[in-house]
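Please find below a colleague's note on the structure, set out as numbered points. The points take up the ligand site, the cysteines and selected surface positions in turn.

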Amino acid sequence: MSPIAPPLARRLEGLQSSAIRDLLKLTARADIISLAGGLPDAELMPRDRIARAAAAALEGRSRLQYTESPGWGPLREVLAAREAQRLGREVPIDEVFVTHGSQQALSLLSEVLLDPGSLVVVEDPAYVGALQVFRAAGARIEAIPLDAEGMRLDALRDLLARGERPAVVHTVSNFHNPGGVTLSAARRRELAELAGTYGFWVIEDDPYGELWFDRPAPDPVATYSPNVIRLSSVSKILAPALRVGWMVAPPRVCRAVELLKQGADLCGSALTQQIAADLLTDTEWLTGHIDAVRTAYGTRAKALVAAVRDRFGERVRTSDAAGGMFVWVDFTDGTDTNALLPTALDAGVAYVPGSAFAVATDYSHSARLCFTTSDTAVLEQAVDRLARAHTLG
Ligand code: PMP
């Protein structure tokens, strides 16, 4: 008798592997220039500085031990001081909670803030990692389109006027992944005000804020309301392998997250948390390091956008290359980016079709281009290949 196969939990029904991760397997071929990945440039990660910090952390044995669930105390102190500067107010340590990357903050917050069927508002196009988390939590999802100033708050106001009551509004406020745009200062204030008026949480997901090219991003949404939970991470400024992210949230949220973190993984790594604290407190070095990353990414972003505008002219619209890691491209000539992809791969270039990030709109004429991991000459070659594929397609 063949054994009866036991089922998996019902919450997995309808969950899909991220289309981007699946696509990355295809684009790993050496002859393909990939604008598809969403990875920071490993060449710019401070390996030697991390090695020195690791050696210092390993001088004693205490960093090999378990640490507190909300994070290693000295790291929380450093983060509280940095966030205080950012938010223009004192940030007590019990409002700072360290997570395994900001992705874990999203995952733990979804358990703390949502019941099955709770309404979550996301941006369209959306950060796929957040969508996966909210879907797994059994949330009902509504999407609000982006424009050049970020989330369209007129559409959010319409949704509220229809009687919808979100539990959470998720926004990538700075240099959006995938949209490339930044929420304007006026909209930040307005979003915070709506959160207070209607009593919903805002998750301000901000891993890219420090990667500005010409001018710093406006003050965080969290500056304006205690209903805003701010997430950030060292992944894009130091290295994702440290898996150090954090949230700034009211103490009752941090306490609830702590209960769940205990169940998820007991605690983060004291070793990488000390390494992160070491690098973040070395302010003179850190300023120089982040400047170098900004300069490299800014040069690449501008070269990519210039090449796209030069080769495609009126046939595309692109987001500005103002910061972060991505440029969003809309083809105005009706090009279907899913249909174009096989031809583009044959021509030796990869991108992520807009549909991979779509929630309510299909974004079939859009694409996300990542500029972080190639130098300007390679990026220009990538756009030449894309233009060739576009002519053939
Ligand atoms: N939020 C956004 C918007 C992201 O783009 C990412 C990474 N791609 C994350 C959160 C998660 O990053 P990490 O867990 O490495 O901090």
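1. Which of the 13 residues around the ligand come nearest? In this predicted model, they are Ser102, Tyr208, Ser233, Ser235 and Arg243. As for secondary structure, helix H4, which spans residues 101–113, supplies the largest share of the shell around the ligand, with 3 residues.

2. The polar contacts of the ligand deserve a separate entry. Ser235 places a polar side-chain atom 2.6 Å from an oxygen atom of the ligand. Arg243 likewise has a polar side-chain atom 2.9 Å from a ligand oxygen atom. For Lys236, the partner is a nitrogen atom of the ligand, which is 3.4 Å from an N or O atom in the Lys236 side chain. The ligand taken alone exposes 400 Å², and the protein buries 91% of that area. Ser235 and Arg243 thus appear both among the residues that come nearest to the ligand and in the contacts to ligand oxygen atoms.

3. The next point concerns the cysteines. How many disulfides does a search of the whole structure find? The search returns 0. A disulfide is a covalent bond between the sulfur atoms of two cysteines. Why does Cys254 not form one? The closest cysteine sulfur to that of Cys254 belongs to Cys267 and is 17 Å away, which is too far for a bond, given that the two sulfur atoms of a disulfide must lie within 2.5 Å. Cys267, for its part, is in no disulfide, and its nearest cysteine sulfur is that of Cys254.

4. Are these two cysteines buried or exposed? Cys254 counts as buried because its relative accessibility is 5%, under the 20% limit for that class. Cys267 has a relative accessibility of 11% and therefore also counts as buried.

5. On the surface, Leu8, Leu12 and Leu15 make a nonpolar patch of about 300 Å². Leu12 is located in the segment that precedes helix H1 (19–26). With a relative accessibility of 46%, Leu12 counts as partly exposed, because the exposed class requires over 50%.

6. A final remark concerns Ala186, which is found in helix H7, residues 185–198. Its relative accessible area is 49%, so Ala186 is classed as partly exposed. How far apart are Ala186 and Ala155 in sequence and in space? The separation is 31 residues along the sequence and 15 Å in space, taken from C-alpha to C-alpha.

Terms used: Residues numbered from 1 in each chain as written. Predicted model: local features only at pLDDT ≥ 70, side-chain atom pairs only at ≥ 80, totals over all residues. Heavy atoms only, no water. Patch = residues over 30% accessible without salt bridge, like charges linked within 9 Å, V, L, I, M, F, W, Y side chains within 5 Å. Areas by Shrake-Rupley, 256 points an atom, 1.4 Å probe, with all protein chains shown as cover. Salt bridge = Lys/Arg side-chain N within 4 Å of Asp/Glu carboxyl O. Helix = DSSP H or I, 4+ residues; strand = E, 2+ residues; numbered from the N terminus. Buried < 20%, exposed > 50% of the residue type's maximum accessible area, 1.4 Å probe, protein only. Near = heavy atom within 4 Å. Polar contact = N/O pair within 3.5 Å; in protein donor to acceptor, adjacent residues only side chain to side chain.
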